[in-house]
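The following exercises concern helix packing and pockets. Please study the sequence and the structure before reading each solution.

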Amino acid sequence: MAMKNHPSCISFLLLLLPLLLKFYSAKSELQLNYYAQSCPNAEEIIKQQVIKLYNKHGNTAVSWVRNLFHDCLVKSCDASLLLETVNGIESEQKSDRSFGMRNFKYVKTIKEALEEECPTTVSCADIVSLSARDGIVLLGGPRIEMKTGRKDSKESYLSDVENSIPNHNDSIQSVLSRFQSIGIDTEGTVALLGAHSVGRVHCVNLVHRLYPTVDPTLDPDYAEYLKGRCPTPDPDPEAVSYARNDRETPMILDNMYYKNLLEHKGLLMIDQQLTSDPTTSTLVEKMAADNGYFHDQFARAVILLSENNPLTGDEGEIRKDCRYVNRD
């Protein structure tokens, strides 16, 4: 009845609708195919660049996965990790927790391909997440449907890195607690540690298990192999001295990691603790017995990690160069 008396209400609502939609968009959450209208080929461009880089430098796929962990565990999945030290910014890459990380320069390759297609449209934070997703596939892991729409931070959080990213010597309970704080349960955390199935570890992070005496939880033959890789208790951090996380399938994201743990061949302290803690030991056995189950749990946990406290809508920015905050 009121509408009959006030026909202008309909016109008013129609005029108001675009404003409401704009407001909603500014406050929107992550969504699948976020770039469907603004940059339809964005995800395919990232995928093709990741493949090209993998074919030239196979270890880039491992780097993308590690980037996701290090970026999303510190405050937010906001590409703060990629910022370099300049103009008052102190890069998170300076932290000891970032020791051994590399291939940041190739993020620029991916970003340039996107900028050519869709200038200032695709965030560096989404590049971090989507390159990890595509890198996981190249490493033999599961295909993951990942939401997008993250914005980039305007600051770095170097002082927060040490307390945000678990250390390889931390207790398993402290690691479980850290992941629980961002909504990832024990099952998911055990699966995420399965990322240690690929890549390598520098001797700097291993020698405390070998010298002056061998960690009794290590398989003796495996300990001898590690001593061969790391022959001195004081390795040069700048030297290429490392051991593979998994000698059987070193570049395949599979459940061999868990099988190795059951044989006391965990490379890091945090790895081997998974078999001695009653809250995680049964999960190690389950993942060792079923690669499909491991992949399912890994995919679930990666999604949760990639959606940790993202900047969306009017928060943050779309950096033109992932290494630097935009200049106003």
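**Exercise 1.** At roughly what angle do the axes of helix H3 (residues 42-56) and helix H6 (residues 124-138) cross, and within what distance do they come?

*Solution.* The model is predicted, so local features need pLDDT of at least 70 and side-chain atom pairs count only at pLDDT 80 or more, while totals for chains, interfaces and linings use all residues. Residues are numbered from 1 along each chain as its sequence is written, and side-chain values use heavy atoms, with hydrogens and water left out.

Step 1. The axes of H3 and H6 cross at roughly 55° and come within 9 Å. Axes are lines fitted to C-alpha atoms, for helices over the stretch in contact, and angles run from 0 to 180 degrees between N-to-C directions. Helices (H or I, at least four residues) and strands (E, at least two) are DSSP runs, numbered from the N terminus.

Step 2. H3 and H6 are therefore oblique to each other; angles under 35 degrees count as roughly parallel, over 145 as roughly antiparallel, 65 to 115 as roughly perpendicular and the rest as oblique.

Step 3. Among the residues in contact (heavy atoms within 4.5 Å) are Ile 46 and Val 50 of H3 and Ile 127 and Leu 130 of H6. The residues of this contact comprise 7 nonpolar, 2 polar and 4 charged. Here Ala, Val, Leu, Ile, Met, Phe, Trp, Tyr, Cys and Pro count as nonpolar, Asp, Glu, Lys and Arg as charged, and the others, Gly among them, as polar.

**Exercise 2.** Describe how helix H4 (residues 60-72) packs with helix H5 (residues 105-117).

*Solution.* Step 1. The angle between H4 and H5 is about 90°, and their axes lie 11 Å apart. H4 and H5 are therefore roughly perpendicular to each other.

Step 2. From H4, Thr 60, Trp 64 and Asn 67 meet Tyr 106, Val 107 and Ile 110 of H5. This contact has 4 nonpolar, 2 polar and no charged residues.

**Exercise 3.** Which element gives the most to the lining of the largest pocket?

*Solution.* Step 1. A pocket is an open set of points on a 1 Å grid over the protein atoms alone, where a 1.4 Å probe fits, with protein on both sides within 12 Å along at least five of seven lines; lining residues have an atom within 4 Å of a point.

Step 2. H4 gives the most, with 6 residues.

Step 3. By class, the lining of the largest pocket holds 23 nonpolar, 11 polar and 7 charged residues.
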